[in-house]
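Subject: Structure handover, with notes

Hi there,

Here is the structure I promised to pass on to you. Have a look at it in your viewer first, and then read my notes below.

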Amino acid sequence: IAFQEIKQVGWFGKLMELLPNYDYVISEHSSFMNQAIIFKSNQFSLIRQVEPFADNDYNFAGRPPLRADLFRYSDSTYYSIVNLHMKCCDSGLNRRKNASKMLYDYLDDEIKKNSNMIILGDWNDDLKDEDGEHCFGPFFSDDRFYFPTKDITYDITKASYPKEPYVSFLDHILVSNMFVDKGNYIVDTIAMDKYMGGYAVYETYISDHMPVYLSFPY
């Protein structure tokens, strides 16, 4: 499970104390608003934590991606999870494009070492945007990668940012096609506000974005 915009690392640590079956990694180089990845400690072991571009994070708005390389006991498989939070707002489009190109060049090399890649988080762009108005171009042009979230991005009821007047799908999951079979997965948005008394309550205590999940057999 990937988190973005963690304001208080100490409070996140208190949350993890309530989840004894999980372990986690959290940003060490973010200027603010940390990312984290949590995983079941009886199923995975952490091989390493990396924050690509920690020394060159301007295009990532001071929040370099957080990568966790994990080993899964049940099938002796290595996974690489990259959690990112792109620069927000229209004024950040060029920075998002630059960040996406940096990320693509990085993954182009890394995928040769481990093809089991999942890249997810708040991209702050919508897959429905016109060409030139989003940051996804490098990945659209490479058939080694695809976005399972594209399946639901046109369904307004699945919007990961459901707040008027900017209802949109901003939280995407990118995978390597060698890892996730295009015809054998489930992707959806979790309407958490329905379990918490409405969006206003959810936004106050959790986030203004809805969580998005991907499920696939492996």
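In which loop does P165 lie? P165 sits in the loop between β8 and β9. Please keep in mind as you read that this is a predicted model. The peptide bond that leads from E164 into P165 is cis, with omega near 0°. As background, most peptide bonds are trans, and most residues other than glycine have a negative phi.

**Overall picture**

The protein has 4 helices and 11 strands. Its radius of gyration is 17 Å, close to the 17 Å that the globule rule gives for 218 residues, so the protein is as compact as a globular protein of that length. Along the principal axes, the C-alpha atoms fill a box of roughly 45 × 40 × 40 Å. Of the 218 residues, 49% count as buried. The exposed area comes to about 11,300 Å², and carbon and sulfur atoms supply 50% of that. If we take the contacts between residues at least 6 apart in sequence, 63% of them join residues at least 24 apart.

**The three-stranded sheet and its helix**

One open sheet has 3 strands in the order β1-β3-β2, with antiparallel pairing. Its edge strands are β1 and β2, each of which pairs on one side only. Neighbouring strands here are turned by 25° against each other on average, with direction ignored.

Strand β3 covers residues 34-40, and 6 of its 7 residues are buried, so β3 is largely enclosed by the rest of the structure. On one side, 3 bridges join β3 to β1 (residues 2-6). In that pairing F3 stands opposite A36, and I6 has N34 as its bridge partner. Helix α1 (residues 9-17) packs on this sheet, touching β1, β2 and β3, and its direction makes about 165° with that of β2. Strand β2 (residues 22-26) pairs with β3 over 5 bridges, in the antiparallel sense, and V25 stands opposite I37 there.

Which residues of α1 are buried? They are F12, G13 and M16. Seen down the axis of α1, these buried residues fall within an arc of 105°, so they line one face of the helix. This fits a general point: an α-helix has 3.6 residues a turn, so residues three or four places apart point the same way. The buried residues of α1 pack against β1, β2 and β3, while G10, W11 and E17 are exposed on the other side of the helix.

**The six-stranded sheet**

The other sheet I would point you to is open as well, with 6 strands in the order β4-β5-β6-β7-β9-β8 and mixed pairing. At its edges are β4 (44-50) and β8 (145-146), each pairing on one side only. Within this sheet, β5 (residues 66-72) and β6 (residues 77-85) run antiparallel and are joined by 7 bridges. One pair to look at is R72, whose bridge partner in β6 is T77. Helix α2 (residues 93-110) lies across β4, β5, β6, β7 (117-122) and β8, running at about 160° to β7.

**Backbone details and a buried proline**

Two residues other than glycine caught my eye for their positive phi values. S76, in the loop between β5 and β6, has phi near 50°. N124, in the loop between β7 and α3 (137-140), has a phi of about 55°. N124 counts as buried because its relative accessible area is 12%, under the 20% cut-off.

Is P148 buried or exposed? P148 is buried, with 0% relative accessibility. Like P165, P148 belongs to the loop between β8 and β9 (171-176). Leaving aside neighbours within four places in sequence, P148 is in contact with I173, V175, Y185, V187 and L214. From P148 to I186 the C-alpha distance is 8.4 Å, although the two are 38 residues apart in sequence.

Happy to talk any of this through once you have had a look.

Best wishes

Definitions and conventions: Residues numbered from 1 in each chain as written. Predicted model: local features only at pLDDT ≥ 70, side-chain atom pairs only at ≥ 80, totals over all residues. Heavy atoms only, no water. Pairing = 2+ DSSP bridges. Contact = heavy atoms within 4.5 Å. Axes fitted to C-alpha atoms, helices over the stretch in contact; angles between N-to-C directions. Rg over C-alpha atoms; globule rule 2.2 N^0.38 Å. Buried < 20%, exposed > 50% of the residue type's maximum accessible area, 1.4 Å probe, protein only. Areas by Shrake-Rupley, 256 points an atom, 1.4 Å probe, with all protein chains shown as cover. Arc of directions from axis to C-beta.
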